[in-house]
Every structure is written in C-alpha cells, then in structure tokens.
Amino acid sequence: MKSSQTKRNLIQATIDLIMDYGLEKLTINKVIKQAQSSKGSFYYYFSNIDDLMKETFLYTLNHSLVEFSYCKEQSFEENINQFGHYLIKTSKKKSSEHAIMFLWISKCFQDENYKKQFQAMRKQIIEENTVSRELQKMFQVDIEWLYMCDIIFIGFLVHCVLHEDEDELLSIWKQFVTVIMSHKS
C-alpha cells in the first residue's frame, strides 16, 4: 500500500509550484519531479491534474484551519470571536494556503470545469471542513448558518491579508459577530 506521505508530498509539491510559477504552468511531470515521486504514485492518488487541484484545494482549506479548535468551556460567541482572532493572526502565516484557495476560486470565473468542480465540492468546503464539523458538533449550528458565515469569512480573510491594522480588523470582526449572533438559530 502506498504511503499517505507520498500523497502529501505530491500536494505540497503542487502548492510550491503554484506559488512559484502559477496555476497555468502546472503539469503532472513538474509535480512528480518536485515531489521526487513517480507517475505510478501520482496516478495511484489522482486521476488527472484537475483531481490533484481539487485535492490540493481541500487540503489547503483544512490545513489552514488545523491549528484552530473551539473551547468547550467558552460560549458560542466567545468561540466565534476567537476564530476571528485566529483568522487575523494566521492570515499572513498561512498565506500560501490562502493563496491556493483564492487562486482556485478565481479560476472558477475563467474556467467552467473549475466552476463545476467547485460546485461539486461545496458541501466538503463549507460543511465538512475541520472547523465546521467541530462547530456543528459543539453548538448544533444549522447548515444555512454555515453557508452564510462562509461567505463572510472569505471576505474577512481578504481584508486580513490587505489590512495592516489588527485593532481595526478586530473591531470589524466584533461587529460581524454581533450580526451573526442575531442570525444563529
């Protein structure tokens, strides 16, 4: 059986190549070479470059969230405030993960195939990421609420990258929390 480390190496090689050269220049051969892997290993995990990109997107989404967890001893509102702090603090540190996600999203505007794949992954992206699963388990939030928050989180993350004033970002986040608390059922 192939090692899951091989799959992670292929995904990391994809991230590195995209960050260095962009999406358009990505090829299976470049990924294999960067990962020091083989075509056999590549095709063991991925059926084609689009499948690799999909898996890379999902990996970067979950990897960007892996260090965050909710605290059972805190209220729902306090946990959501902590998530905002997490997004602000990690927006620069996890820039390659965020870049991959936003590159994928931007490709949806250009390429109908990416758009269809993204639509097919919608449930995985919004409902099944590590933070959403934990949020649903601990606080029983409904799916509609998760979709609403996903839209806002993405916009907020963009501002975290573009904005240097963390205090202002925290103030904006607190206003956001007030709004989402009024919509939580």
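The legends below describe close-up views of a predicted model.

**View 1. Helix H5 and the helices around it.** Helix H5 covers residues 76-93. Its 18 residues should span 26 Å at 1.5 Å a residue, and the end C-alpha atoms are 26 Å apart, so the expected and modelled lengths agree. The buried residues of H5 are Phe76, Asn79, Ile80, Asn81, Phe83, Gly84, Tyr86, Leu87, Ile88, Thr90 and Ser91. They pack against five helices: H4 (49-65), H6 (95-110), H9 (130-139), H10 (143-162) and H11 (166-183). An α-helix has 3.6 residues a turn, so residues three or four places apart point the same way.

**View 2. Ser91 in helix H5.** Ser91 belongs to helix H5. Its relative accessible area is 2%, and Ser91 therefore counts as buried, the cut-off being under 20%. A polar atom of the Ser91 side chain lies 3.0 Å from the backbone oxygen of Ile88. Ile88 is itself among the buried residues of H5. With neighbours within four places in sequence left aside, the contacts of Ser91 are His98, Leu157, Cys160 and Val161. Of these, His98 is also listed among the buried residues of H6.

**View 3. Helix H6.** This helix has 16 residues. From the first C-alpha of H6 to the last is 22 Å, close to the 22 Å expected at 1.5 Å a residue. Buried in H6 are Glu97, His98, Ile100, Met101, Trp104, Lys107 and Cys108. The helices against which these buried residues pack are H1, H4, H5, H7 and H10. Packing between H5 and H6 thus appears from either side: H6 is among the partners of the buried residues of H5, and H5 is among the partners of the buried residues of H6.

**View 4. Leu23 in the loop between H1 and H2.** Leu23 sits in the loop that joins helix H1 (4-21) to helix H2 (28-35). Although in a loop, Leu23 is buried, with a relative accessible area of 11%. Beyond its neighbours within four places in sequence, Leu23 is in contact with Ile18, Met53, Leu103 and Lys107. Met53 is 30 residues from Leu23 in sequence, and their C-alpha atoms are 9.3 Å apart in space. Lys107, another of the contacts of Leu23, is one of the buried residues of H6.

**View 5. The largest cavity.** The structure holds one cavity of 30 Å³ or more. The volume of the largest cavity is about 370 Å³. Its lining consists of 24 residues, and those nearest its centre are Leu61, Leu65, Asp150, Phe153 and Ile154. At least two lining residues come from each of H4, H5, H6, helix H8 (122-126), H9 and H10. H10 gives the most, with six residues. By type, the lining of this cavity comprises 19 nonpolar residues, four polar and one charged.

**View 6. The largest pocket.** The largest pocket has a volume of about 210 Å³. It is lined by Ile105, Phe118, Gln119, Arg122, Ile125, Ile126, Tyr147, Asp150, Ile151 and Ile154. Helix H7 (112-120), H8 and H10 each supply at least two of the lining residues. H10 gives the most to this lining as well, with four residues. Seven residues of the pocket lining are nonpolar, one is polar and two are charged. Asp150 and Ile154 appear in the pocket lining and are also among the residues nearest the centre of the largest cavity.

**View 7. Two loop residues with positive phi.** Most residues other than glycine have a negative phi. Gln36 has a positive phi, near 55 degrees. Gln36 is placed in the loop between H2 and helix H3 (39-45), and is exposed, with a relative accessible area of 74%. Gln140 also has a positive phi, near 50 degrees. The loop that holds Gln140 lies between H9 and H10. Gln140 has a relative accessibility of 57% and therefore counts as exposed, the cut-off being over 50%.

**View 8. Glu144 and Glu127.** Glu144 is part of helix H10. At a relative accessibility of 67%, Glu144 counts as exposed. Glu127 is 17 residues from Glu144 along the chain, and the C-alpha atoms of the pair are separated by 9.8 Å.

Key. Residues numbered from 1 in each chain as written. Predicted model: local features only at pLDDT ≥ 70, side-chain atom pairs only at ≥ 80, totals over all residues. Heavy atoms only, no water. Expected span 1.5 Å × (residues − 1). Buried < 20%, exposed > 50% of the residue type's maximum accessible area, 1.4 Å probe, protein only. Contact = heavy atoms within 4.5 Å. Polar contact = N/O pair within 3.5 Å; in protein donor to acceptor, adjacent residues only side chain to side chain. 1 Å grid on protein atoms, 1.4 Å probe; cavity = no way out; pocket = protein on both sides within 12 Å on 5 of 7 lines; lining within 4 Å. Points joined across faces, edges and corners; volume = space filled by probe spheres on them. Nonpolar A, V, L, I, M, F, W, Y, C, P; charged D, E, K, R; others polar.
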